[in-house]
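I am keeping these notes while I go through the model, beginning with the aromatic side chains and turning afterwards to the overall build of one chain.

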Amino acid sequence: MQLIINEQSYEIDADPEMPLLWALRDLLGLRGTKFGCGKGLCGACTVHLDGAARRACQTPLAAAQGSRITTIEGLAAGADHPLQQAWQAHNVPQCGYCQPGQIMSASALLQQNPKPSDTDIDRAMAGNICRCGTYPRIRAAIKQAAGLTNEPAATVAHYVPEADNP
Amino acid sequence: MKSIVKLSRRQFLQRTGISSAGLLLGTSIPGKALGAVLDTAAGSQLNLFVSIDESGLVEIIAHRSEMGTGIRTSLPQVVADEMEANWDRVKVIQGLANADYGSQNTDGSRSVRDFYQVMRQMGATARTLLEQAAASIWGVPVSECRAREHQVFHDSGRSLDYAQLASHAARLPLPDLTTLRLKPASDFRYIGTAIPMVDLADMVSGSATYGIDVALPGMLYASIERSPVMGGRPKTYNDKAARDSTGVVDVIEITGSQVPAFNPIAGIAVIANNTWAALQGRAKLQPQWESSAHQDYDSKVALQELAAAVKSSGEVVRQRGDTTGALAVGTRRLEAVYTTPFLAHAPMEPPVATARVDASSCEIWACTQTPQVTQREVARALGLPPAAVTVHVTLLGGGFGRKSKPDFAIEAALLARGTGRPVQVCWSREDDIRHDYFHACSAQYFSASFDNTGTVNALLARAAAPSIGSVFGSSDNLLSHGELGQGFASMPFATPNLQIERVPAPAHMRIGWLRSVYNIPFAFGVGSFVDELAHAAGREPASFWLDLIGPDRELDFTSEGFKFSNYGRSLTDYPWSTARLKGVINALTNSLPWGEELPAGQGWGLSAHRSFLSYVAVASKVEVIDGKLSVLEMHCVIDCGTVVNPDRLHSQLEGALIFGLSLALMGEISFAGGVSEQSNFHDYPVARIGQTPAHIQTHIVTSNAPPAGVGEPGVPPVAPSIANAIFAASGQRLRQLPLNRYLRV
């Protein structure tokens, strides 16, 4: 069967019931899309089908055929999508594993809603789990990419006690 | 005895698998006694490597595992600073498993504190050699030569780049460590600055390589159906149906072990040409399992039993004064029992490892927190000498302690040997949650009395929780002193009478260490009870904490009968300072409108805890309206001594606050019939972006004290701060985690 991924055509021989996630990773070597739960609960496998965010672990190949599939590798040439730039500016990742999925969900959001409210962001990103707790910086990076603000993710400060340090 | 050794190119290749000309440098210092259960004498020497090639590129080995703390950046930035390398001309290379590095066990929040000084020496030695090389080339005294940003300058203005100096420097004798000059802190260029993670661009582009991303030619994929109950093994299964499934290449049984330790669980592995085919084949196994002694375990019943058991006397582990006598005559008495459930690590990348095995050697690629333990255990499982096992460490998609256990690497090795081909074993999410090394549940009892001046004059505390020792064959069902020292037996209060006891709790599942370990339940119990005492006394909680902690002093536990392990460090080097704990409480309350008048249904709560040698205070502001809990703000202050990378510290604190919020609000693993009742994120929920407070503030106390832990200390005070805030907001005192037992979250 033929799949159009990142504007390239791929011919693969696979079970039409195989989830797109495993075709991308195991058959085509596109490993930026990650496995996290296999049940559409965590968002690590988020890709775009015709620009809409979809969970690749819940998308059989038969359903992906005929759509324009975009993975993290194809989001922007040189990986310099405004979200990817904002992700770097805010030092968003810790372990980084969930971040391709986060960025794919965020990019689909901004395509559809270029100036999202805080509630819009929380709703759109609710399907993407981060166990490291980078959510505050994800919010800040999305807002920056949307041109909404340049504020830091979390207020940080150095506290100097009055007494001498030990 | 400290010494620095030069490495031959052959030795360098052995450690890294990369070739480089120019200066190769290693250093060897004596290791320290390490507190973790499985550190062995093999970690007694430390060798670190800096190489400079002909182009002047400085390659620095990262020997600790990267699971999101930024350690692949922090320790190299220390080396680069001392050696006056330009960070733009530095490349970080992950070290293989090798005992010469010293401990590579990336757990216990100790990478910086254990290696900060060594890294400085590494960098300073390289700088010294480069200056000496320049002096030699110019024929001038070395005192007239100064290294700065990848060059050595002479007083006359001449300069030479490191590229031009490296091969000469490599021929010089190593400098004496005792006369080595380290930079004064005022000259730091990188230490103390927010250098971005070296892997940042790769993580954001999707090109970073995690354990699951390893791909070898001819590699097969395995999925393993494991005994649901600890101690079980396969009785019957449909081998043929699995083998006939499309893409399945083999079906291999894995033998379990009497003592779990790091051994694989008994099960049936289905090996196929791709992950999907392996999962499909596995689904056809229809396995039946032999019975097990643990198959009747019901955690709801067990926790009730523990909650009852802690109300009766246990074994005393620490004692001051006459607590039972004082409680009997105290004016007012307060008692409480707290329980906390089992937890699962659930890192976003499940356990996954790849192995290639031939007759005499094995190569492992794994997202492991402990490459040397992996090397040793895989060697043992295969009957090979450890030197025959090479362990490559990939990035980790989260760890939290789960990936300290190399069971998943052993599985890959056994299957690679069994099939004669490279095999990747990937755990499904269901595997990860059902077969975790679970964080132990707990029950804690507290009893205190006030004297007639309103001061707490006696405090009794008892804890029961399955011990990690159970995994290694210990059958006394008792928390060890090391475990009790994680904030329970080591509680810092100055009450004239104090008694700490432990009560047995059996384990019917694998128990493991999860980000801050027993500090989680103990900080919840202690932090909640202190708040209960404050309110019972009609006192404002923060000042009550300060009074209860008592005067500035450095705690000593030996006179009270308790052996305090202090996270593997001496109390001389890292005293338990009550002043520093009070300091973070004061810093916290000074940083926010503590004590402000709040609308109905809102409240602030705080808690403080020392763990992994750092002092942390957390305050949470919550709203409880119509049975719905919202955490509006979270603030924390950490005193962790010297800081290498403040941005990574802030990110670890942000992450710890959310990790703590997640477990407090919704974290629960329960067992019925010996099996975890949860299996994926639908029934083991974790915090999502919408549950994260809109306002998070993290503060770092500026300090020159020796570096202390960063990755874990932010977690323990979170749950009690939220529970205390709920009390302030609603008058409800919640003593059982998770909080979604009582409130919608």
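Which residues form one aromatic cluster? Working on what is a predicted model, I find that Tyr338(B), Phe446(B), Phe488(B), Tyr518(B), Phe522(B), Phe524(B) and Phe529(B) form it.

**Entry 1: aromatic pairs**

I searched the whole structure for aromatic pairs, and the search returned 22 over all chains. I looked up the rings of Trp22(A) and Phe35(A), whose centres are 5.1 Å apart and whose planes meet at 40°, so I note this pair as tilted. The two residues are 13 apart and the pair links distant parts of the chain, with Trp22(A) in helix α1 (residues 20-27) of chain A and Phe35(A) in the loop between α1 and β3 (46-49). For burial I used the cut-off of under 20% relative accessible area; Trp22(A), at 5% relative accessibility, therefore counts as buried, and Phe35(A) is buried with a relative accessible area of 5%.

I then turned to Tyr297(B) and Phe342(B), whose ring centres lie 6.4 Å apart with planes at 80°, so that this pair is edge-to-face. This pair, too, links distant parts of its chain, the residues being 45 apart: Tyr297(B) is in the loop between β14 (288-289) and α8 (299-309) of chain B, and Phe342(B) is in the loop between β16 (332-340) and β17 (352-357) of chain B. I record Tyr297(B) as buried at 10% relative accessibility, and Phe342(B) as buried at 1%.

**Entry 2: chain B as a whole**

For chain B I list 18 helices and 29 strands. I compared its radius of gyration, 27 Å, with the value near 27 Å that a compact globule of 745 residues would have, and the two agree. The C-alpha trace of chain B spans about 80 × 70 × 45 Å along its principal axes.

I also looked up how the chain contacts itself: among the contacts in chain B between residues at least 6 apart in sequence, 78% join residues that are at least 24 apart. Buried residues account for 65% of the 745 residues in chain B.

**Entry 3: surface and charge**

The accessible surface of chain B comes to about 24100 Å², and I note that 50% of this area belongs to carbon and sulfur atoms. Counting charged side chains in chain B, I have 63 positive and 69 negative, with the centres of the two sets 3 Å apart.

Key:
Residues numbered from 1 in each chain as written. Chains lettered and ligands numbered in written order. Heavy atoms only, no water. Helix = DSSP H or I, 4+ residues; strand = E, 2+ residues; numbered from the N terminus. Rg over C-alpha atoms; globule rule 2.2 N^0.38 Å. Buried < 20%, exposed > 50% of the residue type's maximum accessible area, 1.4 Å probe, protein only. Contact = heavy atoms within 4.5 Å. Areas by Shrake-Rupley, 256 points an atom, 1.4 Å probe, with all protein chains shown as cover. Lys, Arg positive; Asp, Glu negative; His and termini not counted. Charge placed at Lys NZ, Arg CZ, Asp CG, Glu CD. Phe/Tyr/Trp six-rings, centres within 6.5 Å; stacked < 30°, edge-to-face > 60°.
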